[in-house]
Amino acid sequence: MEFKDYYQVLGVPKGATAAEIKTAFRKLARKYHPDVSKVPDAATRMSEINEANAVLSDPERRAAYDAVGQGRKQGQPFTPPPNWDEGFEFSGAGGGANAGFGTEGIDPDAYSDFFAELFGRMGRGGSRGGRGPGGPQGPNGRGADHHVRVTLDLVDAWKGAVRQITLRSPQVDAEGRASLRDRTLEVRIPAGVRPGQLIRLSGQGGPGEGAAPAGDLMMEVQIRPHPDFRLDGANLVTTLPVAPWEAALGAVVPTRLPDGSTLKVRVPAGAQSGSELRVRGRGMPGAAPGDLELQVRVVLPSADDPAARKLFEQMATELNGFDARMQVATQTGAQAAQGPTP
């Protein structure tokens, strides 16, 4: 995908005012609109002009575009950095993981893949109030609801926490130029919050008119990948390493939880690598808590250890009739004959 320089498309400098952008758009529209233009590629040019105007005439889209496009040139290969939109605060209440940023009142399919990549995934929805960032909306001049996407550590989402989170808020000067201002909020994260859920911060959205109340800030949660755990819905999935004798004979062994504490679980005799143990209710907290899923991994002692090597050699001699491949094939055949578990 190639980077699109929307300022170049409209023929305006990066510091252009809102009035200059509006004037440039109208001038180009009169020249290239397919209904009046005789230029062979008028329809294509008009589509590019409309797309550039849809971004640069909107203070919030423009602020996001300026941030991700800093130092980039027209036609350069471009891939947005992972989670580049994290922490951007925009008007609109949001609508979960499928909401689209910047697509109110327009058809994103009419624009380029570049536009869709930037503005089709930023999780903003709802009404904007028609006055840019912070503009009032709703009855009696109440402030606009705002939306932001944040990424939390798994342990904070699992256990709950109070954290300071810095947001980047678009600000517009008197001439319509957009810039970003940082603000830091202390946020209480409820235990068990899950990806795509919204945390409502009352009164932290756009200011209201006069004595009208401010809007709310809706924080859409994403969970940062954890080296040892992954989320499967409300369930926590991790690996449980066990020694061969623990798997063969059964044992009660400790397993670590996301916050570093331990929980003792019973490994049944005859457990194999890849088998699953489930601890009910020890996944993500909530009204319907998830489970802790433990995937057994049998770990052999190193044969570089003389004592372990001696025992391996003894097993090889005394259990010389054991054929691991045949046993697996027999077990697989028996499971196939039983059919699927009802």
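**Salt bridges, surface patches and long-range contacts**

Ala 19 is exposed, with a relative accessible area of 51%, a value that falls just on the exposed side because the cut-off for that class is over 50%. The structure described here is a predicted model. Ala 19 belongs to helix α2. Its C-alpha atom is separated by 7.4 Å from that of Glu 175, although the two residues are 156 residues apart along the chain.

Helix α2 spans residues 18-32 and also contains Lys 31. Another residue of helix α2 is Ile 21. In contrast to Ala 19, which is exposed, Ile 21 is buried, with a relative accessible area of 1%. The C-alpha atoms of Ile 21 and Leu 10 lie 7.4 Å apart, with a sequence separation of 11 residues. Lys 31 is partly exposed, at a relative accessible area of 49%. This value leaves Lys 31 outside the exposed class, because exposed residues have over 50%. Together with Lys 22, Arg 26, Lys 27 and Arg 30, Lys 31 forms a positive patch on the surface.

A patch of another kind is nonpolar and consists of Leu 300, Phe 312, Met 315, Leu 319 and Phe 322. The accessible area of these residues together is about 520 Å². One of them, Phe 312, is located in helix α8, which covers residues 306-318. Phe 312 has a relative accessibility of 30% and counts as partly exposed.

Salt bridges were then examined. Side chains of opposite charge can pair when their charged atoms come close. Over the whole structure, 17 salt bridges are found. One of these joins Arg 183 to Glu 89, with 2.8 Å between the closest N and O atoms. Arg 183 is in strand β4 (residues 178-189) and Glu 89 is in strand β1, so this pair ties together parts of the chain that are 94 residues apart in sequence. Both partners are buried: Arg 183 has a relative accessible area of 17%, and Glu 89 has a relative accessibility of 4%. Arg 183 is assigned to the buried class because its 17% is under the 20% limit.

Glu 89 has a further side-chain partner in Ser 169, with which it makes a polar contact of 2.5 Å. Ser 169 is part of strand β3, residues 161-172. Ser 169 is likewise buried, with a relative accessible area of 4%. Glu 89 is thus paired with Arg 183 in a salt bridge and with Ser 169 in a polar contact.

A salt bridge is also formed between the side chains of Asp 153 and Arg 224, at an N to O distance of 2.5 Å. This pair links distant parts of the chain, 71 residues apart. Asp 153 lies in the loop between β2 (146-152) and α6 (154-159), and Arg 224 in the loop between β6 (217-223) and β7 (230-232). Asp 153 is partly exposed, with a relative accessible area of 35%, and Arg 224 is also partly exposed, at 35%.

In a further pair, the side chains of Asp 216 and Arg 200 meet in a salt bridge with an N to O distance of 2.7 Å. Asp 216 lies in the loop between β5 (198-201) and β6, whereas Arg 200 is in strand β5, so the pair ties together parts that are 16 residues apart in sequence. Asp 216 is buried, with a relative accessibility of 10%. Elsewhere, Glu 276, Arg 278, Arg 280, Asp 291 and Glu 293 are linked in a network of salt bridges.

The loop between β5 and β6 also holds Gly 206. Gly 206 is buried, with 0% relative accessibility. Between Gly 206 and Phe 90 the C-alpha to C-alpha distance is 9.4 Å, and the two residues are 116 residues apart in sequence.

Gln 76 is placed in the loop between α4 (59-68) and β1 (89-91). Gln 76 is partly exposed, with a relative accessible area of 32%. The C-alpha atoms of Gln 76 and Glu 2 are 5.3 Å apart in space, while 74 residues separate the two in sequence.

Notes: Residues are numbered from 1 along each chain as its sequence is written. This is a predicted model: local features need pLDDT of at least 70, side-chain atom pairs count only at pLDDT 80 or more; totals for chains, interfaces and linings use all residues. Side-chain values use heavy atoms; hydrogens and water are left out. Patches are made of residues with over 30% relative accessible area and no salt bridge: like charges are joined within 9 Å, nonpolar side chains (Val, Leu, Ile, Met, Phe, Trp, Tyr) within 5 Å. Accessible areas come from the Shrake-Rupley method with a 1.4 Å probe; for residues, only the protein chains shown count as cover. A salt bridge is a side-chain nitrogen of Lys or Arg within 4 Å of a carboxyl oxygen of Asp or Glu. Lys and Arg count as positive and Asp and Glu as negative; His and the chain ends are not counted. The place of a charge is taken as NZ of Lys, CZ of Arg, CG of Asp or CD of Glu. Helices (H or I, at least four residues) and strands (E, at least two) are DSSP runs, numbered from the N terminus. Buried means under 20% relative accessible area, exposed over 50%, partly exposed in between (1.4 Å probe, protein chains only). A polar contact is a pair of N or O atoms within 3.5 Å; within protein, one must be able to donate a hydrogen and the other to accept it, and residues adjacent in sequence count only if both atoms are side-chain atoms.
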